[in-house]
Amino acid sequence: MLYLASQSPRRRELLDQLGEPHRTLDVDVAEAREPGEAPDAYVARVALDKARAGFALVAGEDSARVLGADTEVVLGDEVFGKPRDADDAKAMLSRLAGREHRVVSVVWLVDASGERRATSVSTVRFDTLSESDIVAYVATGECMGKAGGYAIQGRAGAFVAHLSGSYSGVMGLPLFETSQLLRGQ
């Protein structure tokens, strides 16, 4: 049985697109960057922590496999997590406006035979955004619970002037990389 160590509706929907029957696990993993930890290493560590925490819940089941994933918006060396509130979301979007940033998405598959990883790094460039654009977007509430304060699959898709990489990776689960991981490639 395949398990997804995430309560993210986006990740569940994306995994459904692969046609992989799965169940979800609710894991509680701290998402705090260690001092000096590189952004990509941080994303990989959190995803692995989620997969390991999930596997600990189902390790006694034959053929249990657990996917853990994390996705973060990175501008320079700064990791933009989920906004704390509307003001934080506005600040994030103001900093991303008119600029290029990376979206790092890491997926780990943990089972009795070991741990395997896939990584997707996408580059997103936002158009310039007016303060009223940002205020209107934040007022929708769509920004909350999203890395960098935006959902590319929602209204913020109109902010994206250019995307290089994985659209599904920016959403939270890179389908190509996840499919390869599940097939053992």
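## Surface and overall form

The protein chain exposes about 8,600 Å², and carbon and sulfur atoms supply 47% of that area. The model examined here is a predicted one, and half of the story lies beneath its surface: of the 185 residues of the protein chain, 50% count as buried.

Six helices and seven strands make up the regular elements of the protein chain, and when the sequence is read along its length they follow the pattern β-α-β-α-β-β-α-β-β-α-β-α-α. The radius of gyration of the protein chain is 16 Å, close to the 16 Å that the globule rule gives for 185 residues, so the chain is as compact as a globular protein of that length. Along its principal axes, the C-alpha trace spans about 55 × 35 × 25 Å. Among the contacts in the protein chain with a separation of 6 or more, 64% are made by residues 24 or more positions apart.

## The largest pocket

The largest pocket holds about 610 Å³ of space. Its lining is formed by 33 residues, and R11, E31, K50, D70 and K82 are the ones that lie nearest the centre of the pocket. Sorted by character, the lining residues comprise 15 nonpolar, eight polar and 10 charged ones.

Which elements supply at least two residues each to this lining? They are α1 (residues 9-17), α2 (39-58), β3 (65-75) and α5 (167-171), and of the elements it is β3 that gives the most, with four residues.

## A helix enclosed by the structure

Helix α6 covers residues 175-182, and seven of its eight residues are buried, so this helix is largely enclosed by the rest of the structure. The buried residues of α6 are L175, E177, T178, S179, Q180, L181 and L182, a list in which charged and polar side chains stand beside leucines.

What covers the buried residues of α6? The cover includes strands β1 (2-4), β3, β5 (100-111) and β6 (114-126), together with helices α1 and α5. After α6 comes G184, a residue whose phi is positive, near 80 degrees.

## Two buried residues in strands

A69 is found in strand β3, the strand that gives the most to the lining of the largest pocket. Is A69 buried or exposed? With a relative accessible area of 2%, which is under the 20% that marks a buried residue, A69 is buried. Leaving aside neighbours within four places in sequence, A69 is in contact with R11, A47, K50, V106, V107, G172 and L173; among these, R11 and K50 are also named with the residues nearest the centre of the largest pocket. A69 and L173 are 104 residues apart in sequence, yet their C-alpha atoms are 7.0 Å apart in space.

S120 has its place in strand β6, one of the elements included in the cover of the buried residues of α6. S120 is likewise buried, with a relative accessible area of 3%. Not counting residues up to four places away in sequence, S120 touches V103, V104, S105, S166, P174 and E177, and E177 is one of the buried residues of α6. Between S120 and S179, which are 59 residues apart along the chain, the C-alpha atoms are separated by 12 Å.

Methods:
Residues numbered from 1 in each chain as written. Predicted model: local features only at pLDDT ≥ 70, side-chain atom pairs only at ≥ 80, totals over all residues. Heavy atoms only, no water. 1 Å grid on protein atoms, 1.4 Å probe; cavity = no way out; pocket = protein on both sides within 12 Å on 5 of 7 lines; lining within 4 Å. Points joined across faces, edges and corners; volume = space filled by probe spheres on them. Rg over C-alpha atoms; globule rule 2.2 N^0.38 Å. Buried < 20%, exposed > 50% of the residue type's maximum accessible area, 1.4 Å probe, protein only. Contact = heavy atoms within 4.5 Å. Areas by Shrake-Rupley, 256 points an atom, 1.4 Å probe, with all protein chains shown as cover.
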